[in-house]
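Colleague: I would like a close look at a single part of this model. Please take it step by step.

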Amino acid sequence: MRSASSSTGVAPGEKLPSTRQLAEQHDVHISTISRVMSLLKDRELVEGHPGKGVYVAESDRKSE
């Protein structure tokens, strides 16, 4: 996501498309996108806000 955000122009704090939209854009099953979002949330690269959407995290965590 770190490199993707810089190469795709997705900025910190920016709202991501819906799970359904991403699945359609990338021609994958919605469950695949859901798993990816879950992994990104676990790594604190995105933040989910119920009823509002998923946003790119404001700051990247530094790997230890």
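Colleague: Which residues make up the largest nonpolar core? Then please go closely through helix 3, the element that gives the most to this core.

Modeller: One caution before the details: this is a predicted model. The largest nonpolar core has eleven residues in all. They are Val10, Leu16, Leu22, Ala23, Ile33, Met37, Leu40, Leu45, Val46, Val54 and Val56. Helix 2, helix 3 and strand 2 (53-56) are the elements that give two or more residues to this core. Helix 3 gives the most, with three residues. As background, nonpolar side chains tend to be buried together in soluble globular proteins.

Now the helix itself. Helix 3 covers 30-42. Its length can be checked against expectation. At 1.5 Å a residue, its 13 residues should span 18 Å, a figure that comes from 1.5 Å times one less than the number of residues. The end C-alpha atoms of helix 3 are 18 Å apart, so the two agree.

Next, its buried side. Ile33, Met37 and Leu40 are buried in helix 3, where buried means under 20% relative accessible area. These residues cover an arc of only 60° around the axis, so they lie on the same side of helix 3. What do they pack against? The buried residues of helix 3 pack against helix 2, strand 1 and strand 2. Methionine 37 shows this in detail. Leaving aside neighbours within four places in sequence, methionine 37 is in contact with Leu16, Leu22, Val46 and Val54.

Turn to the other face. Arg35 and Asp42 are exposed, and they sit on the face of helix 3 turned away from its buried side.

Last, the two flanking loops. Most residues other than glycine have a negative phi. Aspartate 27 has a positive phi of about 55°, although it is not a glycine. Aspartate 27 lies in the loop between helix 2 (19-26) and helix 3 (30-42). Is aspartate 27 buried or exposed? Its relative accessibility is 72%, so aspartate 27 counts as exposed, the cut-off being over 50%.

Glutamate 44 follows helix 3, and its phi is positive too, near 60°. Glutamate 44 is not a glycine either. Its place is the loop between helix 3 and strand 1 (46-49). At 42% relative accessibility, glutamate 44 counts as partly exposed, because that value falls between the cut-offs of 20% and 50%.

Notes:
Residues numbered from 1 in each chain as written. Predicted model: local features only at pLDDT ≥ 70, side-chain atom pairs only at ≥ 80, totals over all residues. Heavy atoms only, no water. Helix = DSSP H or I, 4+ residues; strand = E, 2+ residues; numbered from the N terminus. Buried < 20%, exposed > 50% of the residue type's maximum accessible area, 1.4 Å probe, protein only. Core = buried A, V, L, I, M, F, W, Y, C linked by side-chain atoms within 4.5 Å. Contact = heavy atoms within 4.5 Å. Arc of directions from axis to C-beta.
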